[in-house]
Amino acid sequence: MINGEIKNKVDSLWDDFAAGGLTNPLGVIEQITYLMFIHDLDSADNVHRQENEMLDLPYESIFDGKKDIGGQIIDGTDLKWSVFHDFPPQKMFDLMNHFVFPFKESQPIIG
């Protein structure tokens, strides 16, 4: 059972999603999963970099250099959680929408 401080944090997170218009529990879980994946990808990249530096081995991060995403060029380091999580809301939304998860809207299925 969740109680105390953790329960308050979870409730606050649900309230934030609801305030943003996302009230479907599956949608909330999906969004949290995306955020956890992005965070873990950044953490794993940092660990691999540190390990390779300790062993004096070369390492090329997936975030190094410029990235071409959908015909738009962006600095790869801007795609790291540790960099963009402090961006202002609109800039973070644009980055997530256009570069981190650049999904195109699908055409409606006519059946």
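# A guided tour, beginning at Ser-61

Select Ser-61 to begin: apart from residues up to four places away in sequence, Ser-61 touches Asp-45 and Arg-49. The model on display is a predicted one. Ser-61 belongs to the loop that runs between H2 and strand E1 (66-69). Its relative accessibility is 3%, and Ser-61 therefore counts as buried, a class that ends at 20%. Now display the side chains of Ser-61 and Asp-45, which are joined by a polar contact of 2.7 Å.

## The salt-bridge network

Keep Asp-45 selected and add Asp-42 and Lys-80. These three residues, Asp-42, Asp-45 and Lys-80, are linked in a network of salt bridges. Side chains of opposite charge can pair when their charged atoms come close.

Center the view on Asp-42, which is found in helix H2. Is Asp-42 buried or exposed? Asp-42 is buried, because its relative accessible area is 2%. Next, draw the distance to Lys-80: in the salt bridge between Asp-42 and Lys-80, the closest N and O atoms are 3.2 Å apart. This pair links distant parts of the chain, since Asp-42 is in helix H2 while Lys-80 is in the loop between strand E2 (72-75) and helix H3 (81-84), 38 residues apart. Lys-80 has a relative accessibility of 9% and so counts as buried.

Remain at Asp-42 and show the backbone of Ser-82. The backbone nitrogen of Ser-82 lies 2.7 Å from a polar atom of the Asp-42 side chain. To complete this view, select the contacts of Asp-42: leaving aside residues up to four places away in sequence, Asp-42 touches Phe-63, Lys-80, Trp-81 and Ser-82.

## The nonpolar core

Phe-63, one of the residues that Asp-42 touches, is also a member of the largest nonpolar core. Which residues make up this core? Select these 12 residues: Ile-38, Phe-63, Ile-69, Ile-74, Leu-79, Phe-84, Phe-87, Leu-95, Met-96, Phe-99, Val-100 and Phe-101. Helix H4 (residues 89-100) gives the most to this core, contributing 4 residues. In soluble globular proteins, nonpolar side chains tend to be buried together.

Within the core, turn to Ile-38. Not counting residues up to four places away in sequence, Ile-38 touches Trp-81, Phe-84, Met-96, Val-100 and Phe-101. Trp-81 is therefore a point where two views meet, because Trp-81 is touched by Ile-38 and is also among the residues that Asp-42, buried at 2%, touches.

## Along helix H2

Select Thr-33, which lies in helix H2. Thr-33 has a relative accessible area of 45% and is therefore partly exposed. To gain a sense of scale, draw a line from the C-alpha atom of Thr-33 to that of Val-83: the two atoms are separated by 19 Å, and the residues are 50 residues apart along the chain.

## The nonpolar surface patch

Switch to a surface display and select Ile-6, Val-10, Trp-14, Leu-26 and Ile-29. Together these residues make a nonpolar surface patch of about 480 Å². The elements that give two or more residues to the patch are helix H1 (4-19) and helix H2 (25-54). H1 provides the largest share, 3 residues.

Pick out Trp-14, a residue of helix H1. Trp-14 counts as partly exposed because its relative accessibility is 34%.

## Salt bridges on helix H1

How many salt bridges does a search of the whole structure find? The search finds 5, and two further stops on the tour are found on helix H1.

For the first stop, select Glu-5 and Lys-9. Their side chains meet in a salt bridge of 3.3 Å, N to O. Both residues lie in helix H1, 4 residues apart, about one turn of the helix. Glu-5 and Lys-9 are both exposed.

For the second stop, select Asp-11 and Lys-7. A salt bridge joins Asp-11 to Lys-7, with the closest N and O atoms 2.8 Å apart. Asp-11 and Lys-7 also lie in helix H1, 4 residues apart, about one turn of the helix. With 31% relative accessibility, Asp-11 counts as partly exposed. Lys-7, with 38% relative accessibility, likewise counts as partly exposed.

To close the tour, display the buried pair Asp-42 and Lys-80 together with the exposed pair Glu-5 and Lys-9.

Key. Residues are numbered from 1 along each chain as its sequence is written. This is a predicted model: local features need pLDDT of at least 70, side-chain atom pairs count only at pLDDT 80 or more; totals for chains, interfaces and linings use all residues. Side-chain values use heavy atoms; hydrogens and water are left out. Patches are made of residues with over 30% relative accessible area and no salt bridge: like charges are joined within 9 Å, nonpolar side chains (Val, Leu, Ile, Met, Phe, Trp, Tyr) within 5 Å. Accessible areas come from the Shrake-Rupley method with a 1.4 Å probe; for residues, only the protein chains shown count as cover. A salt bridge is a side-chain nitrogen of Lys or Arg within 4 Å of a carboxyl oxygen of Asp or Glu. Buried means under 20% relative accessible area, exposed over 50%, partly exposed in between (1.4 Å probe, protein chains only). A polar contact is a pair of N or O atoms within 3.5 Å; within protein, one must be able to donate a hydrogen and the other to accept it, and residues adjacent in sequence count only if both atoms are side-chain atoms. Contact means heavy atoms within 4.5 Å. A nonpolar core is a set of buried Ala, Val, Leu, Ile, Met, Phe, Trp, Tyr and Cys residues joined through side-chain atoms within 4.5 Å.
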